[in-house]
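Dear colleague,

I am passing on the structure we spoke about, with the sequence alongside. Please look through both before reading the notes underneath.

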Amino acid sequence: MSMQYEQLFEKIRPAIDSKIEEFKHYQYDAITAEELWRYCVEKKWRRKNIDQLRLHEIIATIFAVSPSDIVSFNQVEFLQSNNWFTELNTEELKMLLGPVKT
């Protein structure tokens, strides 16, 4: 995170924490403040200049995010990653993708 984003993150941290508490109320305990912030920066504001956004617009965006938005975003990020099989060694990969035995 760049210094500019870190400073803004700290400035609006109470709003982010409030949204995280709302998520916890609805049993979404795994979503962190950093994930919420990353979602907003990379998805909601990716084509906008954050310097030109007003504080109330930033906070309104944060309060409008739903847990399913973040879960969907994370799933798409995972599916777009190129390293699905990094934890498999060569033998495991051969077994998984080898010819079908009849």
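A salt bridge is taken here as a side-chain nitrogen of Lys or Arg lying within 4 Å of a carboxyl oxygen of Asp or Glu. By that criterion the side chains of R38 and E42 meet in a salt bridge, with 3.1 Å from N to O. Please bear in mind throughout that this is a predicted model, and that the distances below are computed from it.

R38 and E42 both belong to helix α3, where they sit four residues apart, about one turn of the helix. Neither side of the pair is buried: R38 counts as partly exposed because its relative accessible area is 28%, and E42 is likewise partly exposed, with a value of 35%.

R38 has a further partner in E77, and in this salt bridge the closest N and O atoms are 3.7 Å apart. Since E77 lies in helix α5 while R38 lies in helix α3, the pair ties together parts that are 39 residues apart in sequence. E77 is also partly exposed, at 34% relative accessibility. Through the shared partners, the salt bridges join R38, E42 and E77 into one network.

The structure holds five salt bridges, and another one of them links E21 with K24, whose closest N and O atoms are 4.0 Å apart. Both of these residues lie in helix α2, three residues apart, which is about one turn of the helix. E21 counts as partly exposed at 49% relative accessibility, and K24 counts as partly exposed at 37%.

Turning from the charged pairs to the interior, which residues have the most contacts inside the largest nonpolar core? They are I16, L36, W37, W45 and I58, within a core of 21 residues. At least two residues of this core are supplied by each of α1 (3-11), α2 (13-25), α3 (33-44), α4 (55-64) and α5 (67-80), and the largest share, six residues, comes from α3. As general background, nonpolar side chains in soluble globular proteins tend to be buried together.

I16 is a convenient place to begin looking at this core: once its neighbours within four places in sequence are left aside, I16 is in contact with F9, A33, L36, W37 and I62. Two of those partners, L36 and W37, are themselves listed among the residues with the most contacts inside the core.

Helix α3 therefore appears in both parts of these notes, since R38 in α3 pairs with E77 in α5, and α3 also gives the core its largest share of residues.

With best wishes

How values were computed: Residues numbered from 1 in each chain as written. Predicted model: local features only at pLDDT ≥ 70, side-chain atom pairs only at ≥ 80, totals over all residues. Heavy atoms only, no water. Core = buried A, V, L, I, M, F, W, Y, C linked by side-chain atoms within 4.5 Å. Buried < 20%, exposed > 50% of the residue type's maximum accessible area, 1.4 Å probe, protein only. Contact = heavy atoms within 4.5 Å.
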